[in-house]
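Colleague: Could you take me on a close look at a single part of this model, and then show me how the rest fits around it? I would enjoy a slow walk outwards from one residue.

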There are 2 protein chains.
Amino acid sequence: MKPLQKIEEVGKALVKQAASQKPLTLEVPVRSLSNVIYDKSTHMLKLGDKVSERNFFNIAHAKKFLQTLEVAAASKELLEANKHASLRDVFYMIKRTIPGTKTNIVDDQPESDSAIEDLELITGFSREQLHINANKMGSVSGHVIIEDQGDEINWAKMGSGGWSIPSNVEDIKFKKVNAKYVIYMEKAAVWERLHEDRFWDKQNCIIMSSQGQSTRGIRRLLQRLSFEHKLPIYVLADFDPWGFYIYSVLKYGSINLAHMSEEMTLRGARFLGIMSSDIEKYGLKKHLITFKDVDIKRIKQLQNYEWFKEHKRWQKEFKNMLKMKAKAEIQALSSRGISFITETYLPEKIKNKDWIE
Amino acid sequence: MKPLQKIEEVGKALVKQAASQKPLTLEVPVRSLSNVIYDKSTHMLKLGDKVSERNFFNIAHAKKFLQTLEVAAASKELLEANKHASLRDVFYMIKRTIPGTKTNIVDDQPESDSAIEDLELITGFSREQLHINANKMGSVSGHVIIEDQGDEINWAKMGSGGWSIPSNVEDIKFKKVNAKYVIYMEKAAVWERLHEDRFWDKQNCIIMSSQGQSTRGIRRLLQRLSFEHKLPIYVLADFDPWGFYIYSVLKYGSINLAHMSEEMTLRGARFLGIMSSDIEKYGLKKHLITFKDVDIKRIKQLQNYEWFKEHKRWQKEFKNMLKMKAKAEIQALSSRGISFITETYLPEKIKNKDWIE
């Protein structure tokens, strides 16, 4: 079933309820922390079985009920026009005062955002499939040819800039993928280093970066390359609690997107960032940055995440980091020479399988 | 003279001073606020004439003197290798302990950043020309063909993503520019709206966005299109003090980059964002966001900027905004329909010359 059909089905079911004078209800899986579980068999965070009923005639539910239908109507409008909107657009699309009252359908964007997440669960389609886009961010290069919006795009012929990754990558067609693996990094500056050195060409891989956190578009693009082309995904991040967490989210999913884990997580992702053993090996001791209290607190949280708890290799890493009470950045490798990362560090780590899985 | 020659010249002059047993000195224009002036004839912020002497044998100057030479050496290394580094890379490249002491050449990145800005002034070359790159961000589309790193890139054939703008656009060659103007917007989501509606194709223009603040790469790219191809630049920003300030920086320059104004500012930039008269005209009254104290404070600052002080049109805008005590976002236009911005708002504004210059 297509998204548009599904939305119509949801609407028709409600019309039927109304026609038979039954109370109007929607069933929505519970998205709170109490219903997020770590599934050991699939190694990902997912939603549990708890479902809540939303009743239009319950005064505590009525507004959320209405908001959910309003975003469904906005999504239907977008799907029919074959256009996409951002979360902010959808907020404005449904924002208005209910006639004869002083009540607004939505006052703040978190309300429409939350209704959109509910719509994902009710319909079983991601918000990208519902034509509601997340943020756009990031660049990619490699020996890959794609087709997108009727254009054929060669990721190996993008000059110094790379192809700009859109917020929605669902409709991209891979025409040719000639790569052994993908390296994803959070820092655009590190991407520019790898790109200038034509690392993707010399090592026959794909390099991808965001400019800050990984967007849904980037996560989906990584997942599609991993699933459809069986490419290993390496995550190149700092030796610090936040770098580890970036990896954690990519691999195991996150609490607030637990309902999207199957579309988002990278089961085989490998941490290729700096590890405690690299500090000595690559002479980074002088470039350690001393922990603040917040770093210690964060590492202790990571230690106790269910998916890390029984993971001996990660526990060792957390312990070593707590012993050092310090972190180190990828870019500290530049102290060894501007291309040390592309000529020595990365090829050596990959050859020696010196990563954490 | 090329950057590499200039750096060597600076070095040789110092060697000569040392050989003739003169005290080692560098002359550096003062970059503090006291030396930033608004030049009414060129309409841009620029540095005044104040120059400070940095003496190696003055204990208060010695460290800064050394830092300046160290970044010059790092830049020389990069230029010779024909490679580029980020500010963070350069920090790590020069970070080390001076032998026999416990003093580090740099402890924090702001120290090396500041030395790099001094080097720009001493050599007369931008840090991009010195092979030190700023952040990478943003996307672009339009009927433009460029050559970059041996690749021919057609900005009209980039699928849904666009071309990803590099941090350094100095070496890009424009092969074909078929556009009447450029629209720059800070929000990637707005860019995706314009791009999906193929606004650049229908209106024969270039659309460009950052994802957050405008980077130096974006500002230089806009300036090159404005200077080399005489294209008007429109800035599409929110009706709010921060949106106005984005325009202000693009057009008049900023205090901390006053020494780069000639390479950065867009003398003819036009504000095409929402204006007070648009609120009524386009039915956005319901989507006004009430001012906080900080917004009022910010507007009052803008009112007093020298370049706005005698600008009647802007003063009117500030006054109207203070009367409304409210701001409005570009995306509020989505309440009028998802493509209202591309089908009505922008074509109408441009046709009626309804912008602020």
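Modeller: Gladly. Let us start at A:Ala237, which sits in the loop between strand 14 (233-236) and helix 8 (241-252) of chain A. Please keep in mind that this is a predicted model. Is A:Ala237 buried or exposed? With 24 other C-beta atoms within 10 Å, A:Ala237 is buried, the cut-off for that being 20 or more. Leaving aside residues up to four places away in sequence, the residues that A:Ala237 touches are A:Glu186, A:Gly243, A:Ile246, A:Tyr247 and A:Gly273. A:Glu186 deserves a second glance: 51 residues separate A:Glu186 from A:Ala237 in sequence, yet their C-alpha atoms are 6.8 Å apart in space.

Now for the chain around that residue. Buried residues make up 45% of the 357 residues in chain A. Among the contacts in chain A with a separation of 6 or more, 70% join residues 24 or more positions apart. In secondary structure, chain A has 14 helices and 17 strands. Its radius of gyration is 23 Å, close to the 21 Å that the globule rule gives for 357 residues, so chain A is as compact as a globular protein of that length. Measured out along its principal axes, the C-alpha trace of chain A spans about 75 × 50 × 40 Å.

The next step is the division into domains. Chain A consists of domain 1 (3-133) and domain 2 (139-351), and the centres of these two domains, taken over C-alpha atoms, are 33 Å apart. Where they meet, 17 residues of domain 1 of chain A are in contact with 17 residues of domain 2 of chain A. On the domain 1 side, strand 2 (36-39), strand 3 (44-47) and helix 4 (109-123) of chain A each supply at least two residues. Strand 3 of chain A gives the largest share of that side, with four residues. By class, the domain 1 side divides into eight nonpolar, five polar and four charged residues.

For a look at strand packing, let us move over to chain B. Strand 13 (residues 206-209) of chain B is covered on both faces: B:Ile206 and B:Met208 on one side, and B:Ile207 and B:Ser209 on the other, are all buried. Strand 13 of chain B pairs with strand 7 (residues 139-141) of chain B in the antiparallel sense, over three bridges, and with strand 12 (residues 182-185) of chain B in the parallel sense, over four bridges. B:Ile207 takes part in both pairings, standing opposite B:Ser141 and serving as the bridge partner of B:Ile183.

Finally, how do the two chains come together? A rotation of 180° with 0.0 Å of shift along its axis superposes chain A on chain B, with an RMSD of 0.0 Å. The two copies are therefore related as by a two-fold rotation axis. In chain A, A:Ser164 has the C-alpha nearest that axis, 2.1 Å from it. The contact between the chains takes 43 residues from chain A and 43 residues from chain B. Several elements of chain A each supply at least two residues of the side that touches chain B, including helix 2 (62-81), helix 3 (87-94), strand 10 (163-164) and helix 5 (188-196). That side of chain A has 15 nonpolar, 18 polar and ten charged residues. Since 100% of the interface residues of chain A are also interface residues in chain B, the copies meet through the same surface.

Conventions. Residues numbered from 1 in each chain as written. Chains lettered and ligands numbered in written order. Predicted model: local features only at pLDDT ≥ 70, side-chain atom pairs only at ≥ 80, totals over all residues. Contact = placed C-beta atoms within 7 Å. Nonpolar A, V, L, I, M, F, W, Y, C, P; charged D, E, K, R; others polar. Domains from an automatic or database assignment. Buried ≥ 20, exposed ≤ 12 C-beta atoms within 10 Å, placed from the backbone. Pairing = 2+ DSSP bridges. Rg over C-alpha atoms; globule rule 2.2 N^0.38 Å. Least-squares fit on C-alpha atoms with pLDDT ≥ 70 in both.
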